[in-house]
Amino acid sequence: MTQPTIAFIGLGQMGAPMARNLLKAGHTVSGHDRDASIAARFSDSASFGWCASGADAVRGADLVILMLPDSAIVDQVLWQGESALSAQMTSGALVIDMSSSDPMRSRENAKKLKALDLDFIDAPVSGGVKKAEAGTLAIMMGGEVAAVERARPVLETMGKTLTHVGEAGAGHAVKALNNYVSAAGLLAVCEALAAAEKFGIDPHLVNQVFNASTGKNNTTENKVEAFMLNGAFNSGFALALMKKDLETANRFIGQVESAAEFSSACLKLWQDADQRLGKGADHTAIYRCINLA
Ligand code: NAD
């Protein structure tokens, strides 16, 4: 079977290692990021072609992968101006939005692209930079079965657990809800560790107990020692992006008219931390806000 030609737009913390895994699997990739300094990081790969614009990258590509910050930017690159990717793609091409985008906007994008004879699936990821590097991300996919199956072999080079969760937008809905659950768990751990420390208990010991008990979660297992208690706060996932995911989840829960009390309270704490810690803060740094409260 001939390999699909792949364009990759957005080569940041996550996009770069994901594109590397495509190259490792033998694919040829045309890449673009608005930060041109990223090109140098791929200079060792003969199968990678740096493109000065997204339009150059997607022309003639079978698959167009987006790994961008949010829906506003996804919509901008797809639809805005003469260089809009939707106007440059070859008929029949498949857009795979792997960014953590807004489910309702993704559903709209699927419809609008279909009208141009372009396919769309949403395939956001979970697992962070480490799993992006290892090619073991969890990927949740939304879209028509045929389009999902077309993307699957390529997605398998970047992820380990691939789940088709529903129609277009469903992947982005599950991703936002997952991050809400994860962010709520992280906050609970921060409050618990801070309280224990005030009572004179070593937070390292508290976390050890959590990991041997029912309080164990992704934060206690993978973040407390690696990024929080050591003051490193360098997991590679920005607090601003987590806040964006919580806004997406909270909005989505409201749109489907489901209970949102807890997610609203959680969102407010992340919004406050974003204001206090400012641009560039890692999401694990929310521990500083809670611990210094
Ligand atoms: P990032 O900010 O490191 O990367 C985004 C990249 O997009 C940057 O390199 C930026 O220059 C580029 N970009 C922005 N606007 C552009 C444009 N108009 N045209 C071309 N390139 C543009 O972010 P990231 O951490 O890689 O996250 C990407 C997506 O993945 C986000 O939606 C995020 O929520 C999601 N995500 C991140 C993680 C993580 O651990 N970092 C985990 C899972 C999901």
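**Exercise 1. Describe how domain 1 and domain 2 are placed and how they touch.**

Step 1: separation. The C-alpha centres of domain 1 and domain 2 are 28 Å apart. Contact here means heavy atoms within 4.5 Å. Domain 1 gives 14 residues to the contact and domain 2 gives twelve.

Step 2: bounds. Domain 1 covers 6-167 and domain 2 covers 174-291. These bounds come from an automatic or database domain assignment.

Step 3: basis. This is a predicted model, in which local features need pLDDT of at least 70, side-chain atom pairs count only at pLDDT 80 or more, and totals for chains, interfaces and linings use all residues. Residues are numbered from 1 along each chain as its sequence is written, and side-chain values use heavy atoms, with hydrogens and water left out.

Step 4: area. About 1000 Å² is buried between domain 1 and domain 2, with 64% of it from carbon and sulfur atoms. Buried area is the accessible area (1.4 Å probe) that two parts lose on being put together, summed over both.

**Exercise 2. Find the polar links between domain 1 and domain 2.**

Step 1: salt bridges. The count between the two domains is one. A salt bridge needs a side-chain nitrogen of Lys or Arg within 4 Å of a carboxyl oxygen of Asp or Glu. R251 and D102 form a salt bridge through their side chains, at 2.7 Å from N to O.

Step 2: elements. On the side of domain 1 that touches domain 2, α5 (103-114) and β7 (125-126) each supply at least two residues. Helices (H or I, at least four residues) and strands (E, at least two) are DSSP runs, numbered from the N terminus.

Step 3: polar contacts. Four residue pairs are in polar contact across the interface, both residues at pLDDT 80 or more. A polar contact is a pair of N or O atoms within 3.5 Å; within protein, one must be able to donate a hydrogen and the other to accept it, and residues adjacent in sequence count only if both atoms are side-chain atoms.

**Exercise 3. Explain what the salt bridge of D44 and R20 joins.**

Step 1: distance. The closest N and O atoms of D44 and R20 are 3.0 Å apart.

Step 2: location. D44 sits in the loop between β2 (29-32) and β3 (48-50) and R20 in helix α1 (residues 15-24), so the pair ties together parts 24 residues apart in sequence.
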